[in-house]
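Here is a short report for a reader who is new to this structure. Look at the sequence and the model first, then follow the headings.

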Amino acid sequence: MGGYMFLITPCYSCRKTFSCNPSLVPAIPANLTSTGEKEPVCQACVEFANPRRIAAGLAPIVILPGAYEPAPG
């Protein structure tokens, strides 16, 4: 029997709930969060942040294929 797995979570940045593949979703590293845990970020926030990161001389956050899709389970 086949299935799918996904995570439903609030975005660390905007707090809106979204679904994602927990293995592929971009996340803020644990040492940079107030929770001390790696925290997922929604696609809209990544797309909002990337031009600002580039302008500041930082590498853009890469969205891996399937990051916001269910994972085969």
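## The largest pocket

This is a predicted model. Its largest pocket has a volume of about 260 Å³. Two elements each give two or more residues to the lining of that pocket: strand S4 (27–28) and helix H1 (43–55). H1 supplies the largest share of the lining, with 6 residues.

In total, 13 residues line the largest pocket. Nearest its centre lie Ile28, Val41, Cys45, Ala49 and Ile61. What kinds of residue make up the lining? It divides into 11 nonpolar residues, 1 polar and 1 charged.

## The chain as a whole

How many helices and strands does the protein chain have? There are 1 helix and 6 strands. Along the sequence they follow the pattern β-β-β-β-β-α-β. The helix thus named in the pocket is H1, at residues 43–55.

The chain has 73 residues, and buried residues make up 25% of them. The C-alpha atoms fill a box of roughly 50 × 25 × 20 Å, taken along the principal axes. Now take the contacts between residues at least 6 apart in sequence: 45% of these join residues at least 24 apart.

## The S2–S3 hairpin

Strand S2 covers residues 7–10 and runs antiparallel to S3. The two strands are joined by 4 bridges. Across this pairing, Thr9 stands opposite Phe18 in S3. S2 and S3 form a hairpin, with 6 residues between them.

Strand S3 spans residues 17–20 and has two faces. Phe18 and Cys20 make up the covered face. Thr17 and Ser19 make up the uncovered one. Phe18 therefore belongs to the covered face of S3, and Thr9 of the pairing stands opposite this residue.

## Two residues in the hairpin turn

Arg15 lies in the loop between S2 and S3. Its phi is positive, about 70°, although Arg15 is not a glycine. Is Arg15 buried or exposed? Its relative accessibility is 52%, so Arg15 counts as exposed.

Tyr12 is found in the loop between S2 and S3 too. Tyr12 counts as partly exposed because its relative accessibility is 21%. Which residues does Tyr12 touch, not counting those up to four places away in sequence? They are Ile28, Thr33, Ser34, Glu39 and Pro40. Ile28 also lies among the residues nearest the centre of the largest pocket. With Ser34 there is a polar link: a polar atom of the Tyr12 side chain lies 2.8 Å from the backbone nitrogen of Ser34.

Tyr12 can also be placed against the start of the chain. Gly2 is 10 residues away along the chain, and the C-alpha atoms of Tyr12 and Gly2 are separated by 31 Å.

## Asn21, after the hairpin

Where is Asn21 found? Asn21 sits in the loop between S3 and S4. The relative accessible area of Asn21 is 7%, so this residue is buried. The cut-off for buried is under 20%.

The Asn21 side chain reaches the backbone nitrogen of Ser23 at 2.8 Å. Asn21 also has contacts beyond its neighbours within four places in sequence. These are with Gly66, Ala67, Glu69 and Ala71. Ala71 belongs to strand S6 (71–72).

## Leu64, after the helix

Leu64 has its place in the loop between H1 and strand S6. Leu64 counts as partly exposed because its relative accessibility is 40%.

Leu64 and Pro26 are 38 residues apart in sequence. In space, their C-alpha atoms are 7.9 Å apart. Set this beside the pair Tyr12 and Gly2, which are 10 residues apart along the chain with C-alpha atoms separated by 31 Å.

Notes: Residues numbered from 1 in each chain as written. Predicted model: local features only at pLDDT ≥ 70, side-chain atom pairs only at ≥ 80, totals over all residues. Heavy atoms only, no water. 1 Å grid on protein atoms, 1.4 Å probe; cavity = no way out; pocket = protein on both sides within 12 Å on 5 of 7 lines; lining within 4 Å. Points joined across faces, edges and corners; volume = space filled by probe spheres on them. Nonpolar A, V, L, I, M, F, W, Y, C, P; charged D, E, K, R; others polar. Buried < 20%, exposed > 50% of the residue type's maximum accessible area, 1.4 Å probe, protein only. Pairing = 2+ DSSP bridges. Polar contact = N/O pair within 3.5 Å; in protein donor to acceptor, adjacent residues only side chain to side chain. Contact = heavy atoms within 4.5 Å.
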